[in-house]
Amino acid sequence: TSSTWSTLRHPQFRGLWRSGSIYFVGNAMQAMAAAWMMVEQTGSSFLAALVQTAVFLPMFLLALPAGVLADTTDRRRLILVALVVQAVGGALLAAMVLAGAAGPTSLLFLIFVTGCCTAVLSPAWNSAVGDSVPRPELAQAITAVAISYNAARAVGPALAGVVFAQLGAGWIFGLAVFSTLAMIQGIRRHPPHPHPPSRLPAERL
């Protein structure tokens with residue numbers, strides 16, 4: 001039996017796993033920085049909690065339609081469109097924060113937008129990862145991705161704390177944009193395999 005890390009010998013999986021790991025860290029840093037910034041601006045624990053709602057509510061709302069899209073559309077295009085929108089939203093947020101123009105409403109809105117992008121691309125990215133290794137190694141690949149995701153949830157906030165203390169929230173949002181660009185590069189270099197041809201008519205959302 002192969003080990004968890006032996007799956008990294010597959011170039012397709014290794015590229016997706018590496019770019020995904022960077023992306024996970026960036027998302028974790030952004031969520032933490034947004035919550036800290038909300039506390040600094042308002043002193044409200046309720047609004048700080050709303051930041052986490054803005055991060056995770058999109059997954060609850062969009063997981064099912066995003067899964068259907070992943071099964072019925074070009075996964076590469078779906079992922080790239082979502083990532084480009086996320087990069088634009090993140091860049092706008094970083095610019096507003098650095099310019100001192102970001103308030104609670106704009107912060108929550110742009111965090112919600114980036115959360116929607118993550119929710120839309122996640123099923124397509126997960127299925128692409130599953131297709132990048134032989135079927136007998138799928139369980140090990142899932143474990144490697146889970147380790148990466150959970151490590152990012154620990155490393156991301158710690159890095160965010162260092163950057164927040166030294167440079168402020170705007171730079172964290174900028175780093176999150178960089179992590180999104182890294183994911184874009186990973187998908188462009190290692191695109192998901194196309195869906196197998198089917199004799200059935202195309203399904204609609």
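Reader: Accessible areas here come from the Shrake-Rupley method with a 1.4 Å probe, and for residues only the protein chains shown count as cover. So what area does the protein expose?

Author: About 10800 Å², with carbon and sulfur atoms supplying 68% of it. This is a predicted model, in which local features need pLDDT of at least 70 and side-chain atom pairs count only at pLDDT 80 or more, while totals for chains, interfaces and linings use all residues. Residues are numbered from 1 along each chain as its sequence is written, and side-chain values use heavy atoms, with hydrogens and water left out.

Reader: OK. How many helices and strands are there?

Author: Six helices and zero strands. Read from the N terminus, the order is α-α-α-α-α-α. Helices (H or I, at least four residues) and strands (E, at least two) are DSSP runs, numbered from the N terminus.

Reader: What about the overall dimensions?

Author: The C-alpha atoms fill a box of roughly 55 × 40 × 25 Å along the principal axes. The radius of gyration is 18 Å, which agrees with the value near 17 Å for a compact globule of 205 residues. That radius is taken over C-alpha atoms, and the globule rule is 2.2 Å times the number of residues to the power 0.38.

Reader: What share of the residues is buried?

Author: Buried residues are 46% of the 205. Buried means under 20% relative accessible area, exposed over 50%, and partly exposed in between, with a 1.4 Å probe and protein chains only.

Reader: And contacts: what part of them joins residues 24 or more positions apart?

Author: Among contacts with a separation of 6 or more, such pairs account for 86%. Contact means heavy atoms within 4.5 Å.

Reader: Switching to helix α1. What length should it span?

Author: Helix α1 covers residues 11–42, and its 32 residues should span 46 Å at 1.5 Å a residue; the end C-alpha atoms are 47 Å apart, which agrees. The expected span is 1.5 Å times one less than the number of residues. Just after α1, Gly43 has a positive phi of about 70 degrees.

Reader: Gln12 is in α1 too. Buried or exposed?

Author: Gln12 counts as buried because its relative accessibility is 16%. Beyond residues up to four places away in sequence, Gln12 touches Ser132, His190, Pro191 and Pro192.

Reader: Why does Leu80 count as buried?

Author: Because its relative accessibility is 13%. Leu80 sits in helix α3, residues 75–98. Setting aside neighbours within four places in sequence, Leu80 is in contact with Ile184, Ile187 and Arg188. From Leu80 to Thr53 the count is 27 residues in sequence and 24 Å in space, C-alpha to C-alpha.

Reader: Which residues does Leu110 contact?

Author: Gly89, Leu92, Leu93 and Met96, again leaving aside neighbours within four places in sequence. Leu110 belongs to helix α4, residues 104–131, and at 7% relative accessibility Leu110 is buried.

Reader: Where is Phe56, then?

Author: In helix α2, residues 45–72. With a relative accessible area of 46%, Phe56 is partly exposed. Phe56 and Gln30 are 26 residues apart in sequence, with their C-alpha atoms 13 Å apart in space.

Reader: Last one: how many positive and negative charges are there?

Author: There are 12 positive and 6 negative charges, and their mean positions are 7 Å apart. Lys and Arg count as positive and Asp and Glu as negative, while His and the chain ends are not counted. Each charge is placed at NZ of Lys, CZ of Arg, CG of Asp or CD of Glu.
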